[in-house]
Amino acid sequence: MAEKFSLRVNGVDHTVEADPDMPLLYALRDDLGLNNPHFGCGLSQCGACTVHVDGVATRSCVTAISRAAGHEITTLQGLGTPEKPHPLQTAYVEEQVVQCGYCLNGWVMTAAAFLNKNKKPTDDQIRQALTGLKCRCGTHTAILRAVKSAAAKMA
Amino acid sequence: MNANIPSSVSRRSVLQGTGALVVAFSMADTGNVMAATAGADGRPPLLPTELDSWLSIAPNGGVTVYFGKIDGGQGTDLAMAMIVAEELDVPIKNVTVVQGDTALTVNQGGASGSTGVRFAGAALRIAGAEARRQLVTRAAEKLGAAPDQLTVTDGVVSVMGNPAKKISYAELIGGGYFHSQIGWNNQYGNPLALTSPAKPKSYKDYKLVGTSPPRTDVEGKVFGTKPWVQDIRVEGMLHGRMIRPPIAGASVVSVDESSIASIPGAKVVRKGDFIGVVAPREWDAIKAAQALHVTWSQVSDPFVDQAQLYDYIRKAPVTKGDKQEKGDLDAAFAKAAKIVEADYEWPFQSHASMGPGCAVADVRPDGVTVWTGTQKPHFAAQGVAGCLGVPVEKVHAIWVTGPGSYGRNDAGDVTMDAAVMSQLVGKPVRVQYMRYEGHGWDPKAPASVHKGRAALDDKGNVLAIDFVSKGFSRLETNSTEADAGDTLAGMLLGHKGARTPAFNLPDNAYTFETKRMAWECIPAMLPGPSPLRTSHMRDPLGPQITFAHESFIDEVAFAAGADPVEFRLKYLSEPRDRAALQAAADKAGWKPGKAGARRVKRGDIVTGRGVAYSQRTNTIVAIIADVEVNTKTGALRVPRVVVAHDCGLIINPAALRRVVECNVVQGLSRSIHEEVKFDRNGVRSVDWLTYPIVDITEAPPVIDVVLLNHPEAMATGAGEATMRPLAAAINNAIFEATGTRIRRAPLTPERIRASSV
């Protein structure tokens, strides 16, 4: 049975009526009309649906709306804007990282959460922080350059 | 072949329909774009012979280029903008590219065969040059000077030596139309070519081509402001999900609609074996697809056991073959001092796009609109027409960027599914595949076997090479969705595609005096809507054939006691092929010696270095890969890959480097991980766990890209060429490290460990 849930997304409060077991992903996309995050697998295997829940990179495709309600949710669009970009977004543009870009939420949101806590990561630490995320176009080496560049700016 | 939306669909009428929403979407904040206001203001019909079909100039001087292919994120659209801007001498920032909308662009074949710059760029170069010629002619009249006395800078025509006498393109035509004809070779699709009296610039005069302005799609993607096809929402649309049979080839016997009665608004959508569900809410559609109880027909063993695959291919009947022969093969082998023989095998692979296919369709009595991520929207419009039984003139396909497509992935199939569903329910429908469909039901890259045989004399000279490939067709399902019979929905509705047998020969410039290069195609195990139907996947058959051929060439070099680079150079006379190989060797710091000479052992880790080379439609690629192999575990690390890349004229070097890099990483993935698992009933690779791809921990720390620019030569394409020799380069490096040859892809730890004994 559908219930009402309060969602705070990118600093704005919303109420969504949905099954408690509906993944947060569908609330963000279908109820709030946000184009990010993306459905990639629905299995927490790829990361395309990643958002921050209280600052923690979280796969919204397997996070029930009932678990997300009442927490601070941030999507890619909440991370930064063209006017006020997150350093990772700036680095992504500078490095021209994306090919199709569909995977980008996973990499950027995961890296952003990681860089918040790791100021001067090594190449290996960055790789370990991002392991498991999928990019089918093969932009991995450009991603590494961008994350390193952003890390240098954030340090 | 009329592969275009005929001109009876005026641009105005299209833009008044549901298409306007999204056209406006894709052109947001581009005040210099004219397309959205065209139609009743006098724009000529959308014919290849109209110059106005290719570019227009807005009142503010902004140039719009109409690109009849699409860019999936490699910067092809930027290349088109640069090519036209170069001919017109306008700033690149003033150029906007409209692409993939069947009502606004001529069918140039969609993204296909790395022909974006090669073919579409060539056509747009002519259009740009012709537009410049006409504008300069008009300017000459206005300024009272001869055309050859005029020069153009930043879209302003002025008299040489008297810059005060000037007039801008905007003043000459801004907001109006050329109303002039351009020569056309009467072909749509990839071969479309244009001619005009105008002479394009000499490469010596290029100012913009050869520089690296940034792509225009990156910011929108990075800030989440640019829509993917998954983000298209049409008022009143339902969400659809398809139902696939548990055993490939099974038919629907009965459907228990009561099994989804408790799900709000969920309905079964069925026409014969085409079956899916719709619901107003997406999550409900997903639940309904899981809950729906369908009784399927009994089907026995549509496929062989995967363990028997290569044996099956070798024994399968040949539907069609082809060969090229030079010299007397039998005589050469009869006098051989040494004969080298080897068999190679490559598995089925999946596009496994980052997001499974998604499309939105709105089928109405007066016309059909589809929003699609397919690489070939013009052809997909034809397929939609075929699936729905409506004239193609009634179908408007709007391409919206989708998850990376590397050929005939699932983006076209889902477009048909959405269209059929919309027709059946009478409402707009958005269908998004689930992950298991993205892996399990996309058209697959063909599995194949390859047999190499070489005759050497007693000095190690090659007397003859014999190389035969045998496998499933790359066109069992066509590379376009133009024929409904080449789509899942179409096949489920009874259409049958041409199922063309097609394979390829190795592509290189080796000068072996005696040789036979041949291929043989076999029938699909299960014809029709099969999860193992085969089609084009990035560099169709290139990785398969080149993995085998270039690994085999390495075996022959080893048997001849030769250095692998030196051996290849010995049989290459074309200067550009030799230069590419030499450039890769130089950049890598290649130390000469037969395979094994560069091997270093440190504990359980042994290193090796391998080379491979090939052509692809005249683009030349030579790769040198370094590997580190753990002899105990079989774990493989690729610390460095050097690519020397010659695709003729380079338009945008920075964008090209990205394309090559991504090819290396995706190629690495296909070389070391990717293999579609299946059993007698169906495909068992249904997600990222059952179809692993490359991880960031495996991405090569160093990818050195050496670009060999030949501006005097034709641009020959870069989208796929690097993919081709990569697996062989890695395999040859593994051989150097372990001393044992692996002849089956992918190059997994199990196979490497076995080779390390």
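## Terms and basis of the model

A nonpolar core is a set of buried Ala, Val, Leu, Ile, Met, Phe, Trp, Tyr and Cys residues joined through C-beta atoms within 7 Å. A residue is buried if 20 or more other C-beta atoms lie within 10 Å of its own, exposed if 12 or fewer, and partly exposed in between, with C-beta atoms placed from the backbone.

The structure is a predicted model, in which local features need pLDDT of at least 70, side-chain atom pairs count only at pLDDT 80 or more, and totals for chains, interfaces and linings use all residues. Residues are numbered from 1 along each chain as its sequence is written, while chains are lettered from A and ligands numbered from 1 in the order in which they are written.

## Confidence

The predictor assigns the complex an ipTM of 0.98 and a pTM of 0.96. For chain B, the mean pLDDT (the predictor's confidence in each residue, from 0 to 100) is 94, and 95% of the residues reach 70 or more. Residues 1-31 of chain B have pLDDT under 50 throughout; the model nevertheless has 62 contacts beyond four places in sequence for them. Two residues are in contact if their C-beta atoms, placed from the backbone, lie within 7 Å.

## Overall form of chain B

Chain B contains 19 helices and 29 strands. Helices (H or I, at least four residues) and strands (E, at least two) are DSSP runs, numbered from the N terminus. Along the principal axes, the C-alpha atoms of chain B fill a box of roughly 80 × 75 × 50 Å. The radius of gyration of chain B is 27 Å, which agrees with the value near 27 Å for a compact globule of 757 residues. That radius is taken over C-alpha atoms, and the globule rule is 2.2 Å times the number of residues to the power 0.38.

Of the 757 residues of chain B, 60% count as buried. Among contacts in chain B with a separation of 6 or more, 78% are between residues 24 or more positions apart. As one distance within the chain, B:Q187 and B:R533 are 346 residues apart in sequence, and their C-alpha atoms are separated by 29 Å. B:Q187 lies in the loop between strand 7 (183-184) and strand 8 (194-195) and is partly exposed, with 14 other C-beta atoms within 10 Å.

## The nonpolar core

The largest nonpolar core has 284 residues, of which B:V65, B:V84, B:V277, B:V384, B:A419, B:A584 and B:I623 touch the most other members. Helix 4 of chain B gives the most to this core, with 12 residues. Leaving aside residues up to four places away in sequence, B:V384 touches B:V368, B:V370, B:V395, B:A397, B:T415, B:M416 and B:A419.

## Strand 22 and its partners

Strand 22 (residues 448-456) of chain B is largely enclosed by the rest of the structure, because 8 of its 9 residues are buried. Strands are counted as paired if DSSP finds at least two bridges between them. Strand 22 pairs with strand 15 (residues 338-346) in the antiparallel sense over 9 bridges, and B:L456 is the bridge partner of B:K338.

Strand 23 (residues 462-472) also runs antiparallel to strand 22, and 9 bridges join these two strands. In this pairing, B:V449 stands opposite B:K470. Strands 22 and 23 form a hairpin with 5 residues between them, and B:G460 in the turn has a positive phi of about 85°.

## Backbone features in loops

Positive phi values also occur in residues other than glycine. B:S114 has phi near 55° and belongs to the loop between strand 3 (95-99) and helix 4 (116-143) of chain B; B:S114 is buried, with 25 other C-beta atoms within 10 Å. For B:A352, phi is near 40°. B:A352 sits in the loop between strand 16 (349-350) and strand 17 (358-364) of chain B and is buried, with 28 C-beta neighbours inside 10 Å.

A cis peptide bond, with omega about -5°, joins B:A745 and B:P746; B:P746 lies in the loop between helix 18 (723-738) and helix 19 (749-755) of chain B. In chain A, the peptide bond from A:N36 to A:P37 is cis, with omega near 0°, and A:P37 is placed in the loop between helix 1 and strand 3 (50-53).

## The interface between chains A and B

In the complex, 45 residues of chain A are in contact with 47 residues of chain B. On the side of chain A that touches chain B, helix 1 (24-31), helix 3 (76-79), helix 4 (87-95), helix 6 (123-130) and helix 7 (140-154) of chain A each supply at least two residues. Helix 7 of chain A gives the most, with 5 residues.

The residues on this side of chain A comprise 22 nonpolar, 18 polar and 5 charged. Here Ala, Val, Leu, Ile, Met, Phe, Trp, Tyr, Cys and Pro count as nonpolar, Asp, Glu, Lys and Arg as charged, and the others, Gly among them, as polar.
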